[in-house]
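The following exercises are to be worked through with the sequence and the structure at hand. Each task is followed by a solution in steps.

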Amino acid sequence: MVRISQSTFLQGLTCLAACASLVIAAPLPKHVSRDESVPEESLAPNSPEEESLAQSGPPGPPPKRPKLMIIDTDMLNFVDDPLAIGLANILQTRGEVEILGVISSVFSRYVPPAIDAINTYYKHPYIPTAIQKPVNNDLRDPMYPQVNEYLTGLVNNFPQDVKDGSLTDQPVTLYRQLLAKAPPNSVTIANIGYSDNLYKLLMSKPDSISPLTGHELVKQKVAELVVQANPEGQSFNFVAHDPKFAIYVMTHWPTLATYVPEAIGSEVLLGARLSKLDLKKNPVAYAFTTIEGVGANTPAWDSTAVYFAVRGLDDVYTYERNRGEITFTPDGTASWNYNSPSKLQRSVGLKIQAGTFAKRIEDLLLLKP
Ligand SMILES: [Ca+2]
């Protein structure tokens, strides 16, 4: 099976753009070391093999008041998105986060029920979902020609009650509802897809949900935006849809914004052990194995951003840019202005071995609900 990486996708865009020059910042994937171990208590493994798989992992921080998080995803046939949504659910089970909603920046009617299948497996079936309208019947990103797709399998073979994306709210409606109800300065948004929805949120007017504009609502309620994208150069999530969305959002975001670069996820390769789980029960393992096959590893892009969104720096990350802010050229290429007076934007780098981080995330993904 051929897996087209985000970097390869960008290279494809380069050709489509009549060979316009495009710098790919993410390094080539490398193999993950498997000889590092971090202890982890198991939540509830219920088969000998899964129990064995779930015996080791990270201790994690002691439970505090859970962070409130909204996930904005471009899950379609990208496999790092279901991994990240699964990771968020596991961290919720551990008391570290409360997922307020999972919102889609693509248009496929199959995506919200597929997301609900993951949330339902982890015993969080009440988490609301939303997707852009009008919905379509996409099972794959046209630029991502994987042979297999996991959406219909998730929708048809795993418990979920969303049924069809056309039945969900508009993303901006759900954003406004969730933020209006949240305490001040309390919400973290993990942006692991495109910026369409955040653009429309910022542009939204006062309505029956809130007397505040979208900009005012974000400023009052959102503590931090965590973005899986590069602070410099091109990023898949910034340019694969109209770059005007990302350019506006990232240069007008009124609260803290942290960039988790693609290069981190490109080095953090994981997933091989997921294919040993029960693929008829675990929707994340099913999605992963359907796309990647048995025994393969894949870059953990979105999981690296969700991990930071929930746990912050932990012992994993360090701040690489903690002053200045992002700027763009009109094609969505970012650069960093260190002289900006803004104190609200920053990026992170990896402080531990990529293999150690990969094992930690994979150990968490092996845990049962
Ligand atoms: Ca994604």
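**Exercise 1. Confidence**

What pLDDT does the chain average, and what percentage of the residues score at least 70?

*Solution.* The model is a predicted one. Its chain averages a pLDDT of 87, and 83% of the residues score at least 70. Next, consider the weak stretches. Over residues 1-46 the pLDDT is below 50, yet this stretch has 86 contacts in the model beyond near neighbours in sequence. Residues 48-57 also stay under 50, with 26 contacts beyond four places in sequence.

**Exercise 2. The open sheet**

Determine the strand order of the sheet formed by 8 strands, and identify its edges.

*Solution.* Step one is the order: the strands run 3-2-1-4-5-6-12-9 in an open sheet with mixed pairing. Step two is the edges, which are strand 3 (129-131) and strand 9 (317-321), each pairing on one side only. Step three is the twist: neighbouring strands are turned by 25 degrees against each other on average, direction ignored.

One pair may be taken as an example. Strand 6 (residues 256-259) and strand 12 (residues 345-350) are joined in the parallel sense by 3 bridges. Here Ala257 is placed opposite Gln345 of strand 12.

Step four concerns the helices. Helix 4 (residues 111-121) packs on the sheet, where it touches strand 2 (97-104) and strand 3, and its direction makes about 160 degrees with that of strand 3. Helix 6 (residues 171-181) lies across several strands, including strand 1 (67-73) and strand 5 (222-227), and runs at about 160 degrees to strand 2.

**Exercise 3. A hairpin**

Describe how strand 10 and strand 11 are connected and paired.

*Solution.* Strand 10 (residues 325-328) and strand 11 run antiparallel and are joined by 4 bridges. Among the partners, Ile326 is bridged to Trp336 of strand 11. The two strands form a hairpin with 5 residues between them, and Gly332 in the turn has a positive phi of about 95 degrees.

The side chains are considered last. In a regular strand they alternate between the two faces of the sheet. Strand 11 (residues 334-337) shows this alternation: Ala334 and Trp336 point to one face and are buried, whereas Ser335 and Asn337 point to the other and are not.

**Exercise 4. Two packed helices**

How are helix 3 and helix 14 oriented: roughly parallel or roughly perpendicular to each other?

*Solution.* Helix 3 (residues 80-93) packs against helix 14 (residues 354-365) at an angle of about 70 degrees, with the axes 9 Å apart. Angles of 65 to 115 degrees count as roughly perpendicular, and helix 3 and helix 14 are therefore roughly perpendicular to each other. Helix 3 contributes Leu83, Gly86, Leu87 and Ile90 to the contact, and helix 14 contributes Ile361, Leu364 and Leu365. By class, this contact has 6 nonpolar residues, 1 polar residue and no charged residues.

**Exercise 5. Backbone exceptions**

Locate Pro134, Lys163 and Asn185, and state what sets their backbone apart.

*Solution.* The background is that most residues other than glycine have a negative phi, and most peptide bonds are trans.

1. Lys133 and Pro134 are joined by a cis peptide bond, with omega about -5 degrees; Pro134 lies in the loop between strand 3 and helix 5 (151-157).
2. Lys163, in the loop between helix 5 and helix 6, has a positive phi of about 70 degrees although it is not a glycine. Because 13 other C-beta atoms are within 10 Å, Lys163 is partly exposed.
3. Asn185, in the loop between helix 6 and strand 4, has a positive phi near 55 degrees. Asn185 also counts as partly exposed, with 13 C-beta neighbours inside 10 Å.

Methods. Residues numbered from 1 in each chain as written. Predicted model: local features only at pLDDT ≥ 70, side-chain atom pairs only at ≥ 80, totals over all residues. Axes fitted to C-alpha atoms, helices over the stretch in contact; angles between N-to-C directions. Parallel < 35°, antiparallel > 145°, perpendicular 65-115°, else oblique. Contact = placed C-beta atoms within 7 Å. Nonpolar A, V, L, I, M, F, W, Y, C, P; charged D, E, K, R; others polar. Buried ≥ 20, exposed ≤ 12 C-beta atoms within 10 Å, placed from the backbone. Pairing = 2+ DSSP bridges. pLDDT = per-residue confidence, 0-100.
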